[in-house]
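User: Hi, I've just opened this one and could use a quick tour. Mind if I throw some questions at you?

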Amino acid sequence: MTSSNASPSLADALAAWTVVLDGGMSNQLESAGHDLSDELWSARLLAERPDAVAEAHLAYFLAGADVAITASYQATFEGFARRGIGHDEAARLLARSVDLARTAARRAGDAGVARPLWVAASAGPYGAMLADGAEYRGRYGLSVDELERFHRPRMEVLAGAGPDVFALETVPDADEGAALLRAVRGLGVPAWLSYTVDGTHTRAGQPLEEAFALAAEVDEVIAVGVNCCAPQDVEPATEIAARVTGKPVVVYPNSGEAWDAEARAWTGRSRFAAEQVKAWRDAGARLIGGCCRVGPEAITSIRQALAST
C-alpha cells in the first residue's frame with residue numbers, strides 16, 4: 001500500500017496501532033557524503049541529486065519506518081528564488097519531493113516490505129526559509145495573515161502532488177501554528193501539527209496547552225505533537241497534547257544534541273534511547289520517530305522496542 005489511495009488511511013492506522021516515522025533526512029544525506037551547508041539544506045538536492053533523496057527515504061523504509069517525510073521542509077518559493085530558481089521550476093521541485101518519497105515506497109515494496117507505507121509532505125516553518133535559526137525562536141514580527149499567505153502557495157503545490165498527509169512541523173510559535181491550520185483548510189489532505197518546544201512551552205514561550213488547543217477542533221488535523229526537541233521534553237508534551245486535543249500524538253525528537261545556528265553544527269552528546277518510546281506510547285503517542293541526528297539504526301530500534309510489548 002504505497003499510493004495516496006492506500007487503505008487503511010494513516011488516520012485509521014493511528015486509531016488501530018502505533019505507526020513508526022522516519023528519522024532525520026539531513027543526517028542520512030550527510031552520512032552518504034552530501035554537503036548540505038547552504039541555505040536550501042536538503043531541498044537543494046531535489047534539483048541536484050534527486051536520486052540521493054529517494055535513497056535516503058528508502059533507507060528509512062527498509063529500517064522499519066512506515067512514514068517518509070518529504071525533503072520539502074526548507075523548500076519554498078522565496079528560498080528557491082534567492083538561488084535563481086523561478087516559480088514554475090520551484091513548483092516542480094516541490095512536487096518532486098512527494099514523487100521521490102513515493103518512488104522509495106514502491107522500491108521498498110519491490111524489496112519485500114509488505115506493510116502499508118505513507119508519504120508526509122513537509123511544510124516547515126517560516127524561519128526555516130530564513131536559514132538563520134529563527135525556526136527555534138519564532139516571533140518573526142509577522143501577523144497570522146501574513147504567515148498564512150507565505151505557507152498556502154507551496155502547500156497547494158504539495159497537495160496537488162498527492163501526499164497522504166501534511167507534516168506541519170517544527171513550528172516554534174502558536175501564531176504560526178494558527179496560520180498553518182488556516183492554510184491547510186480545503187486542500188483535501190489531512191495533517192499533523194508538530195511544535196518544537198522548550199519544556200512545556202513553544203520555543204516562542206507560549207504554554208503548550210494554548211498551542212495544542214488551536215488544533216483540537218480542526219477536522220483536517222489527525223495528530224498533534226512535538227518534534228525537533230530534546231528527548232526529555234517529549235513525555236510531558238505528549239501528555240498535554242493528548243489531554244487538550246483528544247487526538248493521537250506525534251513525536252519525533254532530536255538525538256539530544258544542540259544546534260549551533262551560527263556555526264551550523266551540532267554540539268553535545270546524544271541522549272536519544274529507543275527504550276523511551278514505550279513511555280511516549282503510554283502517554284498517548286501513536287506516531288513515533290526521530291528528527292535531527294536520528295538515523296536508520298535508531299528507527300529500527302524504535303520499531304523493535306514498540307514490537308516488544
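User: What stands opposite Val250 in β12?
Analyst: That's Leu287. Strand β12 covers residues 285–288, and three bridges join β9 to β12, the two running parallel. Strands here are DSSP runs of E with at least two residues, helices are runs of H or I with at least four, and both are numbered from the N terminus. Two strands pair if DSSP finds at least two bridges between them.

User: Is this model predicted, and what should I know about the numbering?
Analyst: The model is predicted: local features need pLDDT of at least 70, side-chain atom pairs count only at pLDDT 80 or more, and totals for chains, interfaces and linings use all residues. Residues are numbered from 1 along each chain as its sequence is written, and side-chain values use heavy atoms, with hydrogens and water left out.

User: Back to β9. Which way do its side chains point?
Analyst: Val249 and Val251 point one way, Val250 and Tyr252 the other, and all are buried. Buried means under 20% relative accessible area, exposed is over 50%, and partly exposed is in between (1.4 Å probe, protein chains only). In a regular strand the side chains alternate between the two faces of the sheet.

User: What does β8 do with β9?
Analyst: β8 (residues 221–227) pairs with β9 in the parallel sense over four bridges. Val224 has Val249 in β9 as its bridge partner. From β8 the chain crosses through helix α11 (residues 234–245) to β9, and this β-α-β crossover is right-handed. That word applies if, with the strands pointing away from the viewer, the path from the first strand over the helix to the second runs clockwise.

User: Which residues of α11 are buried?
Analyst: Val234, Ala237, Thr238, Ile240, Ala241 and Thr245. They cover an arc of only 165° around the axis, so they sit on the same side of α11. The arc is that of the directions from the helix axis to the C-beta atoms.

User: And what covers them?
Analyst: The cover includes α10 (208–213), β8, β9, α12 (277–283) and β12. Contact means heavy atoms within 4.5 Å.

User: Switching topic: how many residues of β3 are buried?
Analyst: Six of the six, so β3 (residues 118–123) is largely enclosed by the rest of the structure. Trp118, Ala120 and Ser122 are on one side, with Val119, Ala121 and Ala123 on the other.

User: Which strands does β3 pair with?
Analyst: β2 (residues 67–69) runs parallel to β3, joined by three bridges, and Ile69 stands opposite Ala120. β3 also pairs in the parallel sense with β4 (residues 165–171), over four bridges.
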